[in-house]
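User: I would like to go through this model label by label, setting each value against the rule behind it. Could we start with the backbone and then move on to packing and chain contacts?

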Amino acid sequence: MFDPMTFDHGTFIIAAYAAAAVILAWCALAPVLRARKVRAHLQRVLSVERSGGER
Amino acid sequence: MKSQNSFIVFFHKLGSPPHFYAIAGRLLPWLWGLFGVLAVVGLYWGLFRAPADYLQGESVRIMYVHVPAAWMSMLIYALMAGMAFVALVWRIRMVEILMISSAPVGAAFTLVALISGALWGRPTWGTYWVWDARLTSELVLLFLYLGAMGLHAAIDEPRKAARAMSLLVLVGVVNLPIIHYSVEWWNTLHQPASIGVSGSSIHPSMLWPLLITAIAAKLYYLANLFTRARLRLLEQDRRKHWVRKEVLAAELAGPEMDEPGAGAH
Amino acid sequence: MSVLSGFATVLRRDLLIAIRRGPEALLPLVFLLVVVSLFPLGVGPSPALLASIGAGVIWIAALLATVISLDTLFRSDYEDGSLDQLLLSGLPVSLVALAKVAAHWLVSGLPLVLLSPLLATWMQLPGESWGALMASLALGTPILSLLGAVGAALTLGLKRGGQLLALLVFPLYVPVLIAGTGTVMAAADGLPYTPLLGLLLAGFLVALSLTPFATAAALKISVA
């Protein structure tokens with residue numbers, strides 16, 4: 001197994017910033033994407049209702 | 001007297017879902033925009049302009065990610081505890097929703113703090129992990145977040161789930177300092193190496209980028225919280241009139257009426 | 001339905017169910033993390049002490065997490081009647097059992113193997129033993145799933161089935177535990193560890209070929 005002690009500080013810095021970026025980006029995007037899905041679904045449901053309720 | 005009145009009215013409005021939805025939606029672009037600016041400025045400053053530490057070397061730059069994340073992990077849990085108390089005593093639904101929406105953000109920050117802390121520890125003090133009071137408490141905090149989220153997800157009825165989660169969060173907030181001090185006591189018996197940013201004052205050239213990223217983290221929390229709270233309102237109130245009006249208005253205004261995407265760096 | 005496509009169908013179905021259950025499927029893993037992190041708090045944070053018990057702690061936590069997740073292997077299908085359907089479907093019951101065990105391992109065993117470097121860090125295990133740890137868990141956790149399925153099938157529908165299950169399978173798990181921890185400790189001491197790993201491989205092959213039939217027999221007993 002590779003010995004992480006031979007990495008220089010730069011690798012650790014990049015790894016830390018990258019991990020933070022990935023986690024926080026996912027945390028920010030997940031509700032946005034889900035909200036889009038929910039809204040699209042609601043629009044479909046509402047248009048069905050307006051057109052008389054027949055699918 | 002009048003300005004005092006409208007302040008109270010504003011808070012009352014926030015407690016009503018349709019008003020919160022609208023107000024939060026208007027604030028979101030500003031929050032994300034400001035977050036983006038401060039995050040870029042703060043991280044660039046910390047990464048490239050601030051000096052390396054005399055003792056630690058370059059790895060101290062991880063501080064600009066790790067410290068705000070750790071602060072937020074604890075701040076958010078404290079806020080959740082406050083919301084939990086209000087939710088249990090006054091049963092305000094909007095507070096319940098804000099509490100639940102805060103949990104994933106807090107958990108994410110805790111995870112970032114743990115990972116960045118481990119990556120900071122290895123080149124600086126020689127080990128990824130040590131069971132001292134600070135790191136152990138942070139890990140326990142992650143478990144507390146996960147437990148609260150798990151409990152809420154396991155209960156179907158939303159108000160009941162919120163009440164159960166509120167109770168758990170309050171128990172946790174009382175426990176957290178106890179855990180911290182008991183691990184500290186345990187450690188004084190066994191005297192392992194102690195890791196962490198020492199109590200010595202930080203040089204101003206490092207303090208400024210740290211403060212900027214700390215404020216950016218708070219803005220991220222607010223923006224993410226509002227996004228998640230709005231989503232939860234949409235889902236829970238989907239049969240209500242105000243949601244239908246909102247969805248129809250969005251449809252008429254154009255297909256992409258979403259809040260701007262994440263300003264994450 | 002051919003044997004292979006039948007296997008694939010059951011496997012896919014179980015994986016989909018696990019994914020749809022979402023966060024609930026992660027509970028055994030979080031349990032694993034919590035249990036392992038309790039040990040340093042209980043025995044003290046001294047790195048030397050933790051490293052000496054680390055292999056055992058991680059392996060025991062793996063056993064506990066497997067037993068916890070085994071309970072769900074057949075239970076929900078048994079309760080809503082889909083297990084009856086699967087048994088009546090004409091597919092060989094041993095195949096159904098094997099497919100379910102495979103799904104179970106993918107959801108609870110494989111993540112454990114992938115998380116093991118994190119656990120090794122917590123227990124201050126030396127870097128040389130990480131490979132052995134992952135390999136021993138990669139071979140050992142399928143054995144745990146395969147053996148455990150027999151116990152899960154036997155205790156299906158029983159009161160206190162979960163606790164009884166633990167009692168039944170832990171004696172069966174002892175050889176796996178010994179081989180697993182032995183592998184890791186040999187690696188930590190710089191000794192060759194492939195003999196013990198080979199033993200685990202042999203155990204896996206034997207379990208793979210024999211336990212599905214035992215599980216099938218147990219299922220037929222429990223469901224009848």
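User: Where is B:Arg91 found in chain B?

Analyst: B:Arg91 is found in the loop between α3 (63-90) and α4 (93-125) of chain B, where helices (H or I, at least four residues) and strands (E, at least two) are DSSP runs, numbered from the N terminus. This is a predicted model, in which local features need pLDDT (the predictor's confidence in each residue, from 0 to 100) of at least 70 and side-chain atom pairs count only at pLDDT 80 or more, whereas totals for chains, interfaces and linings use all residues. Residues are numbered from 1 along each chain as its sequence is written, while chains are lettered from A and ligands numbered from 1 in the order in which they are written.

User: What makes B:Arg91 partly exposed, and what is said of its phi?

Analyst: A residue is buried if 20 or more other C-beta atoms, placed from the backbone, lie within 10 Å of its own, exposed if 12 or fewer, and partly exposed in between. B:Arg91 has 13 such atoms within 10 Å, so it is partly exposed. Its phi is positive, about 55°, although B:Arg91 is not a glycine.

User: Why is C:Gln124 called buried?

Analyst: With 21 other C-beta atoms within 10 Å, C:Gln124 meets the criterion and is therefore buried. C:Gln124 is found in the loop between α5 and α6 (130-154) of chain C, and it also has a positive phi of about 55° although it is not a glycine.

User: How do you know that C:Pro45 counts as buried?

Analyst: C:Pro45 has 24 C-beta neighbours inside 10 Å, so the buried label applies. This residue lies in the loop between α2 and α3 (47-80) of chain C, and its C-alpha atom is separated by 9.8 Å from that of C:Trp122, 77 residues apart along the chain.

User: Why does the span of helix α1 of chain A agree with what is expected?

Analyst: The expected span is 1.5 Å times one less than the number of residues. For the 42 residues of α1 (residues 9-50) of chain A this gives 62 Å, and the end C-alpha atoms are 62 Å apart, so the two agree.

User: Where does α1(A) bend, and by how much?

Analyst: The bend at a residue is the angle between axes fitted to the seven residues ending there and the seven starting there. By that rule α1(A) bends by about 25° at A:Leu29, and a proline, A:Pro31, follows within four residues. After the helix comes A:Gly52, whose phi is positive, near 110°.

User: What do the buried residues of α1(A) pack against?

Analyst: They pack against α3, α4, α7 (204-236) and α8 (241-253) of chain B. The buried residues of α1(A) include A:Ala16, A:Tyr17 and A:Pro31. Two residues are in contact if their C-beta atoms, placed from the backbone, lie within 7 Å. Leaving aside neighbours within four places in sequence, A:Ala16 is in contact with several residues of chain B, among them B:Val65, B:Ile115 and B:Trp120.

User: What is the largest nonpolar core made of, and which residues have the most contacts inside it?

Analyst: A nonpolar core is a set of buried Ala, Val, Leu, Ile, Met, Phe, Trp, Tyr and Cys residues joined through C-beta atoms within 7 Å. The largest has 148 residues, and those with the most contacts inside it are A:Ala16, B:Val112 and C:Ile58. α4(B) gives the most to this core, with 18 residues.

User: How many residues of chain B are in contact with chain A, and how do they divide by class?

Analyst: There are 37 residues of chain B in contact with 27 residues of chain A, and α4(B) gives the most to that side of chain B, with 11 residues. Ala, Val, Leu, Ile, Met, Phe, Trp, Tyr, Cys and Pro count as nonpolar, Asp, Glu, Lys and Arg as charged, and the others, Gly among them, as polar. The side of chain B that touches chain A thus has 20 nonpolar, seven polar and 10 charged residues.

User: Which classes make up the side of chain C that touches chain B?

Analyst: Here 12 residues of chain C are in contact with 14 residues of chain B. The chain C side has eight nonpolar, four polar and no charged residues, and its largest share, six residues, comes from α2(C).

User: How confident is the predictor in chain C?

Analyst: Chain C averages a pLDDT of 89, and 100% of its residues score at least 70. Confidence is lowest in α4 (residues 82-88) of chain C, at a mean of 86, and highest in α6(C), at 94. The model scores ipTM 0.84 and pTM 0.81.
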